[in-house]
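Biologist: I am new to this structure and would like to learn how to read its features one by one. Where should we start?

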Amino acid sequence: MNSFKSIKNTWEKASSEISDDKTVDSTYIKKAITTDSKSISASMLINIRAGMFLLALDIVLFAYNAFFYTANIPVFTAIFLSLLLLIVLLVYLIIQTRKLTAIELRNMSLFETLVCKIEFFKTSYTMSLRATAFATAFIAFAANLTQQNANGEFNISNIPLLITIYVLFYVFFNSLYKLSSSIYLKQLTNALSNLEQNILDEMEHEMAKNRKTRIFIGLSMSVMLLAGIVMYFIAS
Amino acid sequence: MKNNSLENIFIENITKHQGIIHKVCNIYCTNHENKTDLMQEITLQLWKSYPGFQGKSKFSTWMYRIALNTAISNVRKTNKMPLMEALFESQIEIPEKENLSEDDEDVNRLYKAIGKLKVVDKGIILLYLEDKSYKEIAEIIGISEKNVAVKMHRLKKKLEQLILSERAS
């Protein structure tokens, strides 16, 4: 015999054991609220901040090199445009950190939280990882510029090869960052798919209920019609 | 000064309702290390969200919402040395089993059965066992009351079956 009542009784026994546990006292709470978070969001925040650091480093290196290449117009233009792009990306990442912090502090239901986080992960966070990969690839370019800035004669002999190298750099780092974060996305989507299954279950239940109602109405009408016909024939 | 008094009120409330944290950790974690991590993370997230608690819902409802959100959507799954962990768990489980009373065995079976449910279903069953109304469960999880009712009907049956199979094994 395993009715749900006995499960409830067992749960009450378990709860009474838990009520004796007083681990969470003021000392514990004071310590816990000053520790670093180990959450998925905290990891995402660390990764975004790492990207911000790389972009800032790129900006410093490019700005520093700009002075040495004022006479070399093609390279100076490349540095100037890169600087602009890097600044835009840095601002974007700053906005994303604020967005993520705001999601964390919003008082939402589990469903809303999951949807918000997955959306952030698939859009903003993916873009942030791309920006980080871009910043990583640009470090190499900045390093090349710095190495040869003494005489301001940095020349690109093979533009397609250079672009290919940087694109490969970018693709490699982007895949690496994406791979390292994919486990979080899987965890979040698993929870969401479980929730969505609940909603589908409700829809199926509703549809089954409606089907039963329609069958019942159909049968009742048929019986009434049949009864009417029979009564008509009897009467006539 | 203001922050200090907020902290004191927070500590008082959390200490009073600490059972919620223990229960959520018990159903979402199987080993001690993960349980300790989750307990710490829930306490931290509760503190971060505390300024946003406006008293519109019961304190316990708010606490369940944050605790479950943290357990389900915010904690990184750490699988540190799973083999060693499994060995360690099996080592401590055998002597424990010998000394367990019938009640303790029932509690263990219940936890094991809940552990086999899907991640969100664990939360729903916990709230139901804690006598939360369908309305409160719907509010915490973010699904309709009707949905909770349908879900509970199926979950109760599933949990009974899981406990039966635990008993048989």
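Modeller: Start with a definition: a salt bridge is a side-chain nitrogen of Lys or Arg within 4 Å of a carboxyl oxygen of Asp or Glu. Keep in mind that this is a predicted model. A case in chain B is the pair Asp106(B) and Arg109(B), whose side chains meet in a salt bridge at 3.0 Å, N to O.

Biologist: Where do Asp106(B) and Arg109(B) lie in chain B?

Modeller: Both belong to helix α6 (residues 102-115) of chain B. They are three residues apart, about one turn of the helix.

Biologist: Are Asp106(B) and Arg109(B) buried or exposed?

Modeller: The cut-off for buried is under 20% relative accessible area, and for exposed it is over 50%. Asp106(B) has 15% and is therefore buried. Arg109(B), at 13% relative accessibility, is buried too.

Biologist: How many salt bridges are there over all chains?

Modeller: The rule gives eleven salt bridges over all chains. One of them joins Lys58(B) to Glu136(B), with the closest N and O atoms 3.4 Å apart. Lys58(B) sits in the loop between α3 (32-49) and α4 (59-73) of chain B, and Glu136(B) in helix α8 (residues 134-141), so this pair ties together parts that are 78 residues apart in sequence.

Biologist: Is each partner of that pair buried or exposed?

Modeller: Lys58(B) counts as exposed, at 51% relative accessibility, whereas Glu136(B) counts as buried, at 13%.

Biologist: What other salt bridge does chain B hold, and which residues form it?

Modeller: Lys116(B) forms one with Glu166(B), and here the closest N and O atoms are 2.5 Å apart. This pair also links distant parts of the chain: Lys116(B) is in the loop between α6 and α7 (119-129) of chain B, and Glu166(B) is in helix α9 (residues 145-168), 50 residues apart. Glu166(B) is buried, with a relative accessible area of 11%. Salt bridges can also share partners, and in that way Lys58(B), Lys132(B) and Glu136(B) are joined into one network.

Biologist: Let us step back to the whole chain. How many helices and strands does chain B have?

Modeller: Chain B has nine helices and zero strands. Its pattern along the sequence is α-α-α-α-α-α-α-α-α. Of the 169 residues in chain B, 49% are buried. The chain exposes about 8,700 Å², and carbon and sulfur atoms supply 53% of that area.

Biologist: What share of the contacts in chain B joins residues far apart in sequence?

Modeller: Take the contacts in chain B with a separation of 6 or more: residues 24 or more positions apart account for 67% of them.

Biologist: I also want to read an interface. How is its size given?

Modeller: It is often given as the accessible area lost when the parts come together. Between chain A and chain B, the buried area is about 5,400 Å², and carbon and sulfur atoms give 58% of it. On the chain A side, Phe4(A), Trp11(A) and Leu110(A) lose the most area to chain B, together 14% of what that side buries. The contact takes 53 residues from chain A and 70 residues from chain B.

Biologist: How many salt bridges and polar contacts cross the interface of chain A and chain B?

Modeller: The rule finds two salt bridges across this interface. Among them is the pair Asp37(B) and Lys38(A), at 3.1 Å, N to O. There are 17 residue pairs in polar contact across the interface, counting pairs with both residues at pLDDT 80 or more.

Biologist: Which helices supply the side of chain A that touches chain B?

Modeller: At least two residues each come from α1 (4-18), α2 (26-32), α3 (40-66), α4 (73-105), α5 (110-147) and α6 (159-235) of chain A. The largest share, twelve residues, comes from α6(A). By type, the residues on this side of chain A divide into 21 nonpolar, 18 polar and 14 charged.

Biologist: Which residues does Ser15(A) touch?

Modeller: Leaving out residues up to four places away in sequence, Ser15(A) touches Lys23(B) and Glu130(B). Ser15(A) lies in helix α1 of chain A and is buried, with a relative accessible area of 14%.

Biologist: Last, what is the phi of Asp131(B)?

Modeller: Asp131(B) has a positive phi of about 60°, although it is not a glycine. Asp131(B) is in the loop between α7 and α8 of chain B and counts as exposed, at 56% relative accessibility.

Note on methods:
Residues are numbered from 1 along each chain as its sequence is written. Chains are lettered from A and ligands numbered from 1 in the order in which they are written. Side-chain values use heavy atoms; hydrogens and water are left out. Helices (H or I, at least four residues) and strands (E, at least two) are DSSP runs, numbered from the N terminus. Buried means under 20% relative accessible area, exposed over 50%, partly exposed in between (1.4 Å probe, protein chains only). Contact means heavy atoms within 4.5 Å. Accessible areas come from the Shrake-Rupley method with a 1.4 Å probe; for residues, only the protein chains shown count as cover. Buried area is the accessible area (1.4 Å probe) that two parts lose on being put together, summed over both. A polar contact is a pair of N or O atoms within 3.5 Å; within protein, one must be able to donate a hydrogen and the other to accept it, and residues adjacent in sequence count only if both atoms are side-chain atoms. Ala, Val, Leu, Ile, Met, Phe, Trp, Tyr, Cys and Pro count as nonpolar, Asp, Glu, Lys and Arg as charged, and the others, Gly among them, as polar.
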